Structure formats: structure tokens, C-alpha cells
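Subject: Handing over the structure

Hi,

Here is the structure I promised to pass on. Have a look at it first, and then read on for what I found in it.

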Amino acid sequence: MQITVNGEKEDIAEGLTLLELIEARGLAPNTVVAELNFDIVPAQAFADVRLNPGDSLELLHFVGGG
Amino acid sequence: MHETSPIHDPLVIGGVELHSRLFIGTGKYGDDALIPAVCESSASQVITVAMRRVDRGGSGVIGHIPPHMRLLPNTSGARNAQEAVRLARLARAAGCGNWIKIEVISDTRWLLPDGYETAKATEILAAEGFTVLPYINADLYVARACRDAGAAAIMPLGAPIGTNRGLKTKEMLGILIEDSELPVVVDAGIGRPSQACEAMEMGAAACLVNTGIASSADPVAMGRAFRQAVEAGRSAFLAGHGAVQSGHAVASSPLTGFLR
């Protein structure tokens with residue numbers, strides 16, 4: 001199925017959870033903030049949220065800035 | 001001779017007592033691994049970060065920030081109040097506290113903050129319980145609008161971001177310091193410790209320095225120099241400087257009793 005991650009379309013497995021997607025990208029879940037279809041997903045819910053076709057996901061983290 | 005005991009002179013922002021009046025940033029370091037040593041040498045307690053989309057395998061900057069530092073995420077990248085509010089909520093969701101530096105910029109050449117959008121974002125986020133520190137032009141009416149919107153401090157610029165040009169807005173900063181009941185944190189443009197010292201002598205509550213430290217040849221040493229400058233400026237402000245005399249010189253030593 002297809003979803004959009006950080007503005008890029010991607011094919012992912014059916015039924016994948018948000019936590020699984022984050023870990024599959026080599027990211028530490030405790031350093032990532034997720035916004036799914038413009039709603040913030042609390043970190044403790046990453047494992048419970050299943051992704052659906054057409055979802056738009058933003059994954060952000062802190063970088064250097066002033 | 002007796003030692004003067006250190007003055008208890010905390011800076012209180014959003015109910016938090018700070019003992020350092022130097023805020024630092026995390027941008028533009030040649031090597032982010034320097035950040036912990038700069039935190040130590042500068043004795044800063046507040047550090048800014050930005051939020052961006054994460055690349056595959058990306059690690060971000062958070063692993064380089066010592067746990068005692070208070071994070072001040074900025075909303076850089078926001079072009080209007082709505083985008084700033086969205087970024088602020090995401091930053092808070094990261095679980096690193098509720099402080100936020102509002103930064104709303106739509107002009108990519110001058111990178112000057114949009115006061116109207118900044119005040120709007122401040123109002124929304126203060127109502128949601130954020131400790132809001134808006135980055136603003138050194139403008140009296142924008143400062144007052146942010147105060148009325150619930151800001152915890154105001155952060156006027158000394159010069160355009162990243163220029164190291166110092167206190168180009170000095171006259172206006174003086175007006176804000178005199179007018180504002182909120183702490184005035186001079187943000188942006190401070191390139192040298194002497195400029196930070198001058199801002200503190202004028203009565204600024206704190207200085208935020210990123211480029212001035214990060215772009216120096218030795219950021220750890222420069223962090224220490226800025227700490228000393230901010231402390232000296234603050235001490236001078238508290239001491240109250242002597243009157244400036246116009247015209248002729250005024251002797252410091254007695255003008256009588258000379259050996260002839």
C-alpha cells in the first residue's frame with residue numbers, strides 16, 4: 001500500500017505499525033516526533049497506530065539551530 | 001580584605017530560575033560533538049534547537065545535548081503563525097518541556113521576523129500553556145503586543161541573524177529594556193563577547209549567542225569568553241555605571257597638596 005512520508009510517496013507493507021516503520025528506517029523512536037494526517041501521535045501510541053493507505057506521515061526530530 | 005559573597009541574581013522565566021544569563025544555540029557547529037564542551041565552558045543552561053524532517057538513519061542533535069540543559073526549540077521554517085503553532089506543538093510532543101522560541105520568517109533574504117504573525121502565534125501558544133519566547137525586531141509595539149499575548153520574555157535582535165555584526169539596534173534595544181516588564185533577551189547578531197557585555201551593561205536580562213560561538217575558531221574557548229562577558233556586563237549593570245562627563249577632563253586624583 002502507498003503512504004506519504006515526509007512528502008515522499010512510499011510503498012509499505014499492509015498492517016505496518018508506526019513503531020515498525022520508524023524502526024525500519026533506522027530511527028530511535030524516542031528521538032522522533034510523528035504527525036499522522038496532521039494529528040500528533042504521542043510516542044507511547046507508536047506501537048498501537050496501524051498505517052492505512054493514503055496516510056500522510058511527518059517524522060521530525062531536533063537538529064542544530066539557533 | 002574580605003571576599004564579596006556572590007550576588008543572588010537569578011533570571012526567572014516562566015517560573016524557572018536560571019543562574020546563567022547566556023543562552024546558546026546548536027546550529028552551525030563544524031562538529032556537533034563540541035556541543036557538550038561548549039555547554040560546560042559557557043555555563044549556559046538554555047540551548048536552542050530546530051525541528052526538521054528526519055532522514056533515514058538520521059540521529060539529530062539531541063544526543064549531543066547534556067541532560068541538565070533546558071531545551072528551547074525554535075519554530076524556524078515557519079512562514080506564518082499557523083506553521084509556528086504546528087511546529088511548537090510537535091516540539092512539545094518530543095517530551096522536552098514547554099519552552100518555545102517563536103520564529104516566524106517569510107523573507108528569505110533579510111531573515112527578519114514577522115512581528116504580526118509572531119504575536120498571533122504567541123497568543124495561541126501562551127494560552128496552551130507554553131512558555132513563549134518570541135524572536136522579534138527591536139520594535140516597541142511588537143514587544144508590547146507579545147507581552148499582551150502572554151510572552152514570558154521578549155527576544156529582540158541585535159542585528160540580522162548570523163551576521164556577527166553586534167548591537168546595530170542598540171538605541172531601540174535600550175527603549176525595549178526600559179519599557180518592558182518582561183526579561184529582554186538579546187537574540188541574533190551578537191558576534192563578539194564585548195557586544196554581549198554591552199547588551200548586559202544596558203540592562204538586557206540575557207543574551208542568546210549561536211553563530212558567534214559556533215563559527216569561531218575555538219567554540220569551547222569562545223563559549224567561555226561569552227560567559228565571562230555576560231557576567232561582567234551583568235555585574236556592571238547591577239553596580240550602576242558612573243555619570244558620563246561632557247567637555248573637559250575631570251581629574252581622578254586630588255588637585256591639591258602637590259610635592260613641589
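Before the helices, one definition: a residue is called buried if 20 or more other C-beta atoms lie within 10 Å of its own, and exposed if 12 or fewer do. Please also keep in mind that this is a predicted model.

**Two helices in chain B**

With that cut-off, helix α4 of chain B (residues 140–148) has V142(B), A143(B), A145(B) and C146(B) buried. Looking down the axis of α4(B), these buried residues fall within an arc of 160°, so they line one face of the helix. That fits a general point: an α-helix has 3.6 residues a turn, so residues three or four places apart point the same way. On the face of α4(B) turned away from the buried side you will find the exposed residues Y141(B) and D148(B). The cover over the buried residues of α4(B) includes α3 (115–127), β7 (131–136), β8 (155–156) and α5 of chain B. Right after α4(B) comes G150(B), with a positive phi of about 105°.

Now compare helix α6 of chain B, residues 193–201. Seven of its nine residues are buried, so α6(B) is largely enclosed by the rest of the structure. Those buried residues are P193(B), Q195(B), A196(B), C197(B), E198(B), A199(B) and M200(B). They pack against α5 (170–179), β9 (185–187), β10 (206–209) and α8 (219–239) of chain B. After α6(B) comes G203(B), which has a positive phi, near 110°.

**The core, and two residues to click on**

The largest nonpolar core has 92 residues. Those with the most contacts inside the core are A151(B), A153(B), I154(B), V185(B), A196(B), A204(B) and C207(B). The element that gives the most to this core is α2(B), with six residues.

V185(B) is a good one to click on. Setting aside its neighbours within four places in sequence, V185(B) is in contact with F23(B), L133(B), A153(B), M155(B), A204(B), A205(B), A206(B), C207(B) and L208(B).

Next, try L22(B), which is found in strand β3 (residues 22–24) of chain B. Is L22(B) buried or exposed? L22(B) has 27 C-beta neighbours inside 10 Å, so L22(B) counts as buried. Its C-alpha atom is separated by 5.7 Å from that of A206(B), although the two residues are 184 apart along the chain. With neighbours within four places left aside, the contacts of L22(B) are S42(B), S44(B), A206(B), C207(B), V209(B), F226(B), R227(B) and V230(B).

**A sheet in chain B**

Three strands of chain B form an open sheet in the order β6-β7-β8, with parallel pairing. β6 (99–102) and β8 of chain B stand at the edges with a single partner strand each, so one side of each is left without a neighbour in the sheet. Between β6(B) and β7(B) there are four bridges, and I100(B) stands opposite V132(B) in β7(B).

**Chain A**

Chain A comes to one helix and five strands, in the pattern β-β-α-β-β-β along the sequence. How does its size fit its length? For 66 residues a compact globule would have a radius of gyration near 11 Å, and chain A has 12 Å, which agrees. Its C-alpha atoms fill a box of roughly 40 × 25 × 25 Å along the principal axes. Of the 66 residues of chain A, 27% count as buried. Among contacts in chain A between residues at least 6 apart in sequence, 55% join residues at least 24 apart.

Strands β1 (residues 2–5) and β2 (residues 8–11) of chain A pair in the antiparallel sense over four bridges, with I3(A) opposite E10(A). The two strands form a hairpin with two residues between them, and N6(A) in the turn has a positive phi of about 50°.

**Where the chains meet**

The contact takes 29 residues from chain B and 20 residues from chain A. On the side of chain B that touches chain A, β4 (46–53) and α2 (81–93) each supply at least two residues, and β4(B) gives the most, with six. The residues on that side of chain B divide into eleven nonpolar, twelve polar and six charged. Pairing also crosses between the chains: five bridges join strand β5 (residues 56–64) of chain A to β4(B), and the two run antiparallel. One partnership to look for there is L60(A) with R53(B).

Cheers

Notes:
Residues are numbered from 1 along each chain as its sequence is written. Chains are lettered from A and ligands numbered from 1 in the order in which they are written. This is a predicted model: local features need pLDDT of at least 70, side-chain atom pairs count only at pLDDT 80 or more; totals for chains, interfaces and linings use all residues. Two residues are in contact if their C-beta atoms, placed from the backbone, lie within 7 Å. The radius of gyration is taken over C-alpha atoms; the globule rule is 2.2 Å times the number of residues to the power 0.38. Ala, Val, Leu, Ile, Met, Phe, Trp, Tyr, Cys and Pro count as nonpolar, Asp, Glu, Lys and Arg as charged, and the others, Gly among them, as polar. Two strands pair if DSSP finds at least two bridges between them. A nonpolar core is a set of buried Ala, Val, Leu, Ile, Met, Phe, Trp, Tyr and Cys residues joined through C-beta atoms within 7 Å. The arc is that of the directions from the helix axis to the C-beta atoms.
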